[in-house]
Amino acid sequence: QAKLVESGGGLVQAGASLRLSCVASVGTFSNYAMAWFRQAPGKEREHVAAISVSGKNTYYADSVKCRFTISRDNAKNTVYLQRNSLKHEDTAVYYCATDLANNDYAHTSSIASSMDYWGAGTLVTVSS
């Protein structure tokens with residue numbers, strides 16, 4: 001049974017930076033694309049970023065391009081989401097997920113309904 005555990009959430013001020021981490025126990029981590037999603041209060045879950053198996057390819061939602069960076073450390077079974085210039089509208093529960101895609105594409109791992117495993121999420125609150 002796969003397990004994804006997010007950490008790094010909390011309360012920050014607008015303009016701050018914060019890095020989220022997700023440790024995955026999902027077979028051979030380096031074989032799978034990974035993604036981050038978020039869900040704000042009263043809104044649907046939305047894709048934030050995805051990263052391919054090798055880490056060479058990434059894909060971002062337009063709302064976070066140039067501010068967020070996804071990366072992975074296959075030796076640590078961990079995927080990260082570095083978030084800079086945080087805005088109040090970035091307040092949400094952030095989830096790590098994988099669709100177990102074994103390719104080197106990132107854009108294909110951006111559909112919530114296609115994800116096979118999810119973490120429990122970590123809450124990020126950005127005060128304005």
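Student: Why is V26 called buried?

Tutor: The relative accessible area of V26 is 6%, and buried means under 20% (exposed is over 50%, partly exposed lies in between, with a 1.4 Å probe and protein chains only). V26 is therefore buried, since its 6% falls under the cut-off. A word on the ground rules: this is a predicted model, where local features need pLDDT of at least 70 and side-chain atom pairs count only at pLDDT 80 or more, while totals for chains, interfaces and linings use all residues. Residues are numbered from 1 along each chain as its sequence is written, and side-chain values use heavy atoms, leaving out hydrogens and water.

Student: Where is V26 found?

Tutor: V26 sits in the loop between β3 (18-25) and β4. Strands here are DSSP runs of E with at least two residues, and helices are runs of H or I with at least four, numbered from the N terminus. From V26 to N57, 31 residues away in sequence, the C-alpha atoms are 20 Å apart.

Student: What makes D62 exposed?

Tutor: Its relative accessible area is 65%. That value is over the exposed limit, so D62 is exposed. D62 belongs to the loop between β6 (58-60) and β7.

Student: How do you know that the side chains of D62 and K65 make a polar contact?

Tutor: A polar contact is a pair of N or O atoms within 3.5 Å; within protein, one must be able to donate a hydrogen and the other to accept it, and residues adjacent in sequence count only if both atoms are side-chain atoms. The D62 and K65 side chains are joined at 3.2 Å, so the distance fits the definition.

Student: And what is the story with S109, buried or exposed?

Tutor: S109 is buried, with a relative accessible area of 1%. It lies in the loop between β9 and β10, and its side chain makes a polar contact of 2.9 Å with the side chain of D99.

Student: Why do we say that β7 and β8 pair?

Tutor: Two strands pair if DSSP finds at least two bridges between them. β7 and β8 (residues 78-83) have six bridges, in the antiparallel sense, so they meet that rule. One bridge partnership is R72 with V79 in β8.

Student: What is the order of the strands in the open sheet?

Tutor: The four strands run β1-β3-β8-β7, with antiparallel pairing. β1 (3-7) and β7 (68-73) are at the edges because each has a single partner strand, so one side of each lacks a neighbour in the sheet. The average twist from one strand to the next is 15°, where axes are lines fitted to C-alpha atoms (for helices over the stretch in contact) and angles run from 0 to 180 degrees between N-to-C directions.

Student: What makes β9 mostly covered?

Tutor: Of the seven residues in β9 (residues 92-98), six are buried. β9 also pairs in the antiparallel sense with β4 (residues 34-39) over five bridges, and F37 stands opposite Y95. Three bridges join β9 to β11 (residues 122-127), also antiparallel, with A92 opposite V124.

Student: How do you know that β9 and β10 pair?

Tutor: β9 and β10 (residues 117-118) have two bridges between them, in the antiparallel sense. The rule asks for at least two, so this pair qualifies. T98 stands opposite Y117 in β10.
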